[in-house]
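Me: I've got a structure open and I'd like to talk it through. Can we start with the sheets?

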Amino acid sequence: MTTVVLKYKKEESLKRFHPWVFSGAIERIEDAFGDAIQPEEGDWVRVVSQKGEFLAIGQYQIGSIAVRIFTFNEAEFNDDFFLHRLQSAYEVRKTLGLIRPDNNAFRLVHGEGDGLPGLIIDVYDKTAVMQAHTPGIHYIREALAEDLIRVAGADIRNVYYKSETTLGYKTEAIQTAEAEGESVNGYLIIDGKPVASAAEGKALESSISDVALENGLKFHVDWLKGQKTGFFVDQRENRALVEKYSAGRSVLNMFCYTGGFSFYAMRSNAKLVHSVDVSKQAISFTNANVELNFPGDTRHAAFAADAFDFLDGKTPGSEFEQGKEGYDLIILDPPAFAKHRKVLKNALRGYQRLNAKAFEKIRPGGILFTFSCSQVVTKEDFRCAVFSAAAQSGRRVRILHQLHQPADHPINIYHPEGEYLKGLVLYVE
Ligand code: SAH
């Protein structure tokens, strides 16, 4: 195996089990004979200190994060390594009580949080949607899929691989395969058996159910055409909290995507529920899910509109129209405003502007659920942006709950960067 030798004293963070090696920490890279080499993206490497002391094993990458660490224990890295990691992830989800007759949508693997950097797996009923964020994971996707079936047997029968837009960097091998018409995305396993070709996957695809259950509510999950792995499982518990507060209220679910929050509100007898998303596709997903859970229920309406236009009362049919009552429960769950630190300031201004609108418009006694899923925006940053927005409105605001990502999106204690979702529930007088 290739050896990555760190600079003097650069082993400190690895000794504290942080799972990344930055390129600036590397002194040299050697092959088995001690000759300098340039590893390929995705290669397995041993990381050692300048004195030659073993530190960890990981996958090499070109870029600022040069190695993502999988283990700090050399003996653990045997043929069953991935099987064991997947088993452990699965056991945790069972412990969490997420696999039940009324719930079969959950995150099975959350990257570094589950000791598998670069890998995301979400489960929707009998289908696991696997997403690679590094070429290294891409290269081992088939073995991972087979291990997954071994681990989850009867519970997972299909594995769909969806990484076309997430690999970060496409190696020459991947680019060549794509140029030859081979899609990165596709089924790896259907009904427990490996899929031999894309054509076979297509032929069998219609036999797979796309309906998953979350706390007793049904959702069509379109992993082929939808965003991310098809559904946002990370809001499950926060949606359940909306259910607690929605009875008798007029609810606005802004940035609704497939409508998640809306159905919890409807189940708890909300007076009216409006779902808004700028994407027409999201609105059609939402409408399909209304039909699945509350067919013909006239309390619900969905609007394909921009958030600011809608909040400014520019959308016909909204409760912001002249003479209408307005909303007394508003959910704001926007996409990540900042994908990296350089744009943090702008992102914070964005959160402030958006929340200021909600504070300005929400009815007295209203409840605001407001979220940020930007990893670079800290809890404190977000709270500060929402605080500024509240101050701008001059209204009396109480924090009722501070929300975060659920337990199936665990944070590796040595990798605080894994924390990304935060939310506040506010009572607005
Ligand atoms: N709340 C959703 C997830 C939201 S993801 C859930 O529970 O599943 C963010 C959504 O915001 C995406 O569906 C995206 O289409 C939508 N969006 C992005 N920009 C928008 C804008 N300017 N106005 C309204 N919706 C927007």
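Me: What order do the strands have in the open sheet of six strands?
Reply: Keep in mind that this is a predicted model. The order is β7-β8-β9-β10-β11-β12. The pairing in this sheet is mixed.

Me: Which strands stand at the edges there?
Reply: β7 (105–110) and β12 (193–194) do. Each has a single partner strand, so one side of each has no neighbour in the sheet.

Me: Does anything sit on that sheet, and what does it touch?
Reply: Helix α2, residues 81–95, packs on the sheet. It touches β7 and β8 (119–124). The direction of α2 makes about 145° with that of β7.

Me: In what sense do β11 and β12 pair, parallel or antiparallel?
Reply: Antiparallel, over two bridges. For one position to look at, I189 stands opposite P194 in β12.

Me: What holds paired strands together in general?
Reply: Strands of a sheet pair through backbone hydrogen bonds, in a parallel or an antiparallel way.

Me: OK, the sheet of seven strands next. What order does that one have?
Reply: The order is β17-β16-β15-β18-β19-β21-β20. This sheet is open, and its pairing is mixed.

Me: And which strands are at the edges?
Reply: β17 (300–304) and β20 (397–404). Each has a single partner strand, so one side is left without a neighbour in the sheet.

Me: How much are neighbouring strands turned against each other?
Reply: By 15° on average, with direction ignored.

Me: How many bridges join β16 to β17?
Reply: Five. β16 covers residues 272–277, and the two strands run parallel. One pair to find is V276 with its bridge partner F303 in β17.

Me: Which strands does helix α11 lie across?
Reply: Helix α11, residues 344–361, lies across β18 (329–332), β19 (366–372), β20 and β21 (422–428). It runs at about 170° to β19.

Me: What about helix α12, what does that touch?
Reply: Helix α12, residues 379–393, packs on the sheet and touches β19, β20 and β21. Its direction makes about 25° with that of β21.

Me: New topic: pockets. What volume does the second largest pocket have?
Reply: About 570 Å³. The lining has 28 residues. The closest to the pocket centre are S183, N185, G186, Y187 and A198.

Me: Which helices and strands supply at least two residues of that lining?
Reply: Three helices are on the list: α4 (141–152), α5 (172–179) and α6 (198–205). The strands β10 (158–161) and β11 (186–190) are there too. You met both strands in the sheet of six.

Me: How do the lining residues divide by type?
Reply: There are 14 nonpolar, seven polar and seven charged.

Me: Now single residues. Is T286 buried or exposed?
Reply: T286 is buried, because its relative accessible area is 0% and the cut-off for buried is under 20%. It is in helix α9, residues 280–293.

Me: What is T286 in contact with?
Reply: Leaving aside neighbours within four places in sequence, T286 contacts C256, Y257, T258, G259, F263, S275 and H300.

Me: And I69, where is that found?
Reply: I69 is in strand β6. It counts as buried at 3% relative accessibility. Not counting residues up to four places away in sequence, I69 touches L14, P19, W20, V21, V47, A56, I57, G58 and P117.

Me: Is D79 buried or exposed?
Reply: D79 is exposed, with a relative accessible area of 81%. It lies in the loop between β6 (65–71) and α2.

Me: How far apart are D79 and E172 in space?
Reply: They are 27 Å apart, C-alpha to C-alpha. In sequence they are 93 residues apart.

Me: Last one: what is phi for K9 and F17?
Reply: Phi of K9 is near 70°, a positive value in a residue other than glycine. F17 also has a positive phi, about 65°, and is not a glycine.

Me: Where are those two found?
Reply: K9 is in the loop between β1 (2–6) and α1 (12–15). F17 is in the loop between α1 and β2 (20–22). K9 is exposed at 53% relative accessible area, while F17 is partly exposed at 35%.

Notes. Residues numbered from 1 in each chain as written. Predicted model: local features only at pLDDT ≥ 70, side-chain atom pairs only at ≥ 80, totals over all residues. Heavy atoms only, no water. 1 Å grid on protein atoms, 1.4 Å probe; cavity = no way out; pocket = protein on both sides within 12 Å on 5 of 7 lines; lining within 4 Å. Points joined across faces, edges and corners; volume = space filled by probe spheres on them. Helix = DSSP H or I, 4+ residues; strand = E, 2+ residues; numbered from the N terminus. Nonpolar A, V, L, I, M, F, W, Y, C, P; charged D, E, K, R; others polar. Pairing = 2+ DSSP bridges. Contact = heavy atoms within 4.5 Å. Axes fitted to C-alpha atoms, helices over the stretch in contact; angles between N-to-C directions. Buried < 20%, exposed > 50% of the residue type's maximum accessible area, 1.4 Å probe, protein only.
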